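Open the model in your viewer and keep the sequence panel visible. The tour goes from one selection to the next.

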Amino acid sequence: MTAHRRIVLASSVAGAAIVALDGTVLTVVQPTLRRELGASLAQVQWTSTAYLVAVASLLVSAGRIGDRYGHQRVFGVGMLGFGVASAGIGLATGVGWVIGLRVVQGCSGRCCNRPRSACCAPRSRPTGWACRSPYGPA
């Protein structure tokens, strides 16, 4: 396996893992969010809900965007957007910023989640290696 293929495979796995982890990681921080930012229970719940709504709303259209502009390009933009939004959340001074940036994270995360990884991964597999993808033939 070439170095390029290893990089593609590693970034695809990392993108899928980061997004999957981020869907639940904020649950651990919610008590601190309430205390440090003075957020109400409803606002704290919206930090998780906003992310999940953004991810779910782009379930179909993110694949179409990848078809139109290129899956690798959309994956890269998604990873960049996810990282910038994560840094913004870390620097947020109010819960409104956290909720808004969670929406950005969800949109960016959908661009580097499983369908994108499934489209990028075939380029990283060794020749002749078979893989059954739930998203159709590779």
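Select L101 first and show what surrounds it. Beyond its neighbours within four places in sequence, L101 is in contact with A85, G88 and I89. Keep in mind that this is a predicted model.

Now widen the selection to L26, L33, A39, V44, I89, A92, V95, V98 and L101. These 9 residues make up the largest nonpolar core. Which elements give two or more residues to this core? They are α1 and α5. The most comes from α5, which gives 3 residues.

Another core lies apart from this one. It has 6 residues, and to find it you can select V19, F75, F82 and C112, which are among them.

Next, go to helix α5, residues 95–111, and pick out Q105. Is Q105 buried or exposed? Its relative accessible area is 2%, and buried means under 20%, so Q105 counts as buried. Show its contacts, again without the neighbours within four places in sequence: D22, Y51, F82, A85, S86 and I89. One of these, F82, also belongs to the core of 6 residues, and another, I89, is part of the core of 9 residues.

Finish at the surface. Select M1, which lies in the segment before α1 (3–37). M1 has 46% relative accessibility and counts as partly exposed, because that class lies between buried, under 20%, and exposed, over 50%. Add L9 and V13 to the selection: with M1 they form a nonpolar patch on the surface. Together the three have about 260 Å² of accessible area.

Technical notes: Residues are numbered from 1 along each chain as its sequence is written. This is a predicted model: local features need pLDDT of at least 70, side-chain atom pairs count only at pLDDT 80 or more; totals for chains, interfaces and linings use all residues. Side-chain values use heavy atoms; hydrogens and water are left out. Helices (H or I, at least four residues) and strands (E, at least two) are DSSP runs, numbered from the N terminus. Buried means under 20% relative accessible area, exposed over 50%, partly exposed in between (1.4 Å probe, protein chains only). Contact means heavy atoms within 4.5 Å. Patches are made of residues with over 30% relative accessible area and no salt bridge: like charges are joined within 9 Å, nonpolar side chains (Val, Leu, Ile, Met, Phe, Trp, Tyr) within 5 Å. Accessible areas come from the Shrake-Rupley method with a 1.4 Å probe; for residues, only the protein chains shown count as cover. A salt bridge is a side-chain nitrogen of Lys or Arg within 4 Å of a carboxyl oxygen of Asp or Glu. A nonpolar core is a set of buried Ala, Val, Leu, Ile, Met, Phe, Trp, Tyr and Cys residues joined through side-chain atoms within 4.5 Å.
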